[in-house]
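Colleague: Before we discuss individual residues, could the model be placed in front of us?

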Amino acid sequence: MLESLLAYPDFWKYVSIPFIAGAVGWTTNWMAVQMTFYPLEFLGIRPFFGWQGIIPSKVEKMAGIVVDKALSKLGSLDEFFREMEPEKIAAHLTRTIQGRIEEYTDEVMTERNAVLWENLPLLVRKRVYSRARRAIPSVMDSVVDDISRNLDSLVDMKHMVTTQMAEDKQLMVQMFREVGDPEFRFVTNSGLYFGFLFGLIQVPVFILMPENWVLPFFGFIVGVATNWLALNLIFRPLNPVKVGPFRVQGLFLKRQKDVAETFARLSTEEVITLRNIMYQVVNGPRGDRTKALIKRHLKPLLNGGVVRTAAQLTVGPEGYADLKKAVEEKAVDLAVEPFEDQGFNRERGALVEKIMSDRMQALSSEEFQDLLRPAFQEDEWILIVVGGFLGAMAGLFQLVVMFGAA
C-alpha cells in the first residue's frame with residue numbers, strides 16, 4: 001500500500017502542496033503587516049504606482065482617532081497636568097531659572113546697553129540679580145497655577161498629538177507595533193497554519209481536477225483567507241463567548257490589561273509629556289493666550305524694583321518700556337527651556353501613567369478595540385486583495401515549475 005502510494009505519479013509534488021501553501025500564507029501575512037507600517041514615505045510614482053504604509057499615509061487621521069477613541073476617554077490635559085503636581089513643576093522652573101539668573105539677566109541687559117551694563121560696579125549688578133532671584137518663586141507659582149487651571153483653553157490635545165505624529169511618523173508606527181506586537185506576530189504566523197490546512201484541502205481537489213487554474217485559484221484563496229481569518233481573530237468575538245469548556249474572545253481584547261500598561265507607558269513617555277504640553281502652551285495655535293497670561297503675572301515684577309532699578313542704571317527712563325518688552329520675551333522662552341530635562345519629564349509622566357492604565361483597563365470592549373482596530377481597518381481590503389494576488393502568483397509558479405504546465 002505504502003509502496004504503491006509512493007510510486008504514484010507526482011506523489012512528492014502533491015505532498016509539497018500544503019507546505020508551499022503554508023509558506024505562501026506566512027509570506028502574504030508577513031507582507032500585510034509590513035505594508036501596514038512601511039514604508040514611512042511614499043515609494044513609487046504617484047498616484048497609482050507605489051505604496052506608503054497605511055498608518056504613515058494617514059498618520060494625522062490615525063492620531064486623531066487615537067485621541068478621540070482612546071486618550072480623550074482617559075482624561076483631559078487639565079487633569080493630566082494636575083496629576084503631574086503643578087507645585088513641583090513650579091519649583092523645578094524656579095530652581096532652573098534661579099540657577100542661571102545671572103546669565104539670563106546679563107543676556108537681556110547686554111542686548112539693551114552692553115557698555116553701560118558691563119561697566120556697572122559688580123555690587124550694583126549683584127543687587128539686580130538678587131532682586132530678580134527673590135521675585136522668581138512667586139511669579140513661577142502664579143504662572144504655573146494659572147496654566148494648570150486653564151490648560152484645556154491653552155492647548156488643543158488633538159492638535160498637539162496629530163502635529164507630533166505628523167512630524168515623526170516612526171513614533172506612530174512604534175506605538176502601534178509595541179501595543180499590538182503579539183497580534184502582529186499572530187497575523188504572520190497564522191498564515192503558515194491556515195495556509196497548510198488549506199493546502200491539505202487543495203491536494204485532493206487537484207488530484208480529482210488537475211486543471212491548470214486550480215493551483216493559482218487555490219493560491220488566491222489561501223492568500224485572501226489567511227489574511228482575512230487572522231485579522232478577524234484578533235478582534236472577534238468582541239466579548240467573551242463560551243464554546244463548550246472554553247471562553248473565546250478576540251486575541252487583542254483578551255490582552256486588555258497588558259495593552260493598557262504598554263499604551264499608558266508609551267503615551268506618557270512620548271506623547272503626553274510635560275515637555276510637549278509646555279511647548280504647545282507657548283508655541284501652539286493658542287500660544288498668544290499663554291503669552292498674555294505670562295505678561296500679566298510679570299507686571300508686579302516689571303513695575304516693581306527689579307526692572308525699574310536696572311532700567312535707571314542702564315538704559316534710562318526712555319528705555320524702560322523697551323526693557324520691559326525684552327524681559328517679557330525672555331520669560332516666554334524660559335517657560336519651555338527647563339522641560340528639556342528628560343529625568344524630570346519621566347518622573348512627571350510616571351504619575352499619569354498609572355491613572356491612564358487603570359482607566360484603559362476599565363474601558364468596554366467596544367471602546368478598547370478602537371485603539372488598534374484602525375491600524376487594520378483603514379484599507380484592510382487592499383491587504384487582503386494583495387495577499388490573494390501574491391497567493392495566485394505562488395500557485396502559478398508552483399504549477400509551472402513543479403508540475404511543468406506550459
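The exchange below concerns a predicted model and turns from the overall fold to a buried residue and then to salt bridges.

Colleague: How many helices and strands are there in the protein chain?
Modeller: The chain comprises 406 residues, of which 49% count as buried. Among contacts with a separation of 6 or more, 79% join residues 24 or more positions apart. As to secondary structure, the protein chain has 22 helices and four strands.

Colleague: Is Glu 183 buried or exposed?
Modeller: Glu 183 belongs to helix α11, which spans residues 181-208. Beyond its neighbours within four places in sequence, Glu 183 is in contact with Ile 234, Leu 251, Phe 252 and Arg 255. The cut-off for burial is under 20% relative accessible area. Because its relative accessible area is 2%, Glu 183 counts as buried.

Colleague: With which side chain does the side chain of Glu 183 make a polar contact?
Modeller: Arg 255 is one of the residues in contact with Glu 183. The two side chains also make a polar contact, at 2.6 Å. The partner is therefore the side chain of Arg 255.

Colleague: Which residue forms a salt bridge with Lys 158?
Modeller: The structure holds 19 salt bridges. In one of them, Lys 158 in helix α9 (residues 157-167) is linked to a residue in helix α4 (residues 59-74), 90 residues apart. Lys 158 is partly exposed at 36% relative accessible area, and its partner is partly exposed at 37%. With the closest N and O atoms 2.8 Å apart, that partner is Asp 68.

Colleague: How many residues apart in sequence are the parts that Arg 100 and Glu 337 tie together?
Modeller: Arg 100 and Glu 337 form a salt bridge whose closest N and O atoms are 2.6 Å apart. Both residues are partly exposed, Arg 100 with a relative accessible area of 31% and Glu 337 at 30%. Arg 100 lies in the loop between α6 and α7, and Glu 337 in the loop between α18 and α19, so the parts tied together are 237 residues apart.

Colleague: Why are Glu 261 and Lys 257 separated by about one helical turn?
Modeller: These residues form a salt bridge, with closest N and O atoms 2.7 Å apart. Glu 261 is partly exposed at 32%, as is Lys 257 at 48%. The separation is about one helical turn because they are four residues apart in helix α14.

Colleague: Which residues are joined into one network by salt bridges that share partners?
Modeller: The salt bridges in question share partners and so form one network. Its members are Glu 85, Lys 88, Glu 347 and Arg 348.

Notes: Residues numbered from 1 in each chain as written. Predicted model: local features only at pLDDT ≥ 70, side-chain atom pairs only at ≥ 80, totals over all residues. Heavy atoms only, no water. Helix = DSSP H or I, 4+ residues; strand = E, 2+ residues; numbered from the N terminus. Buried < 20%, exposed > 50% of the residue type's maximum accessible area, 1.4 Å probe, protein only. Polar contact = N/O pair within 3.5 Å; in protein donor to acceptor, adjacent residues only side chain to side chain. Contact = heavy atoms within 4.5 Å. Salt bridge = Lys/Arg side-chain N within 4 Å of Asp/Glu carboxyl O.
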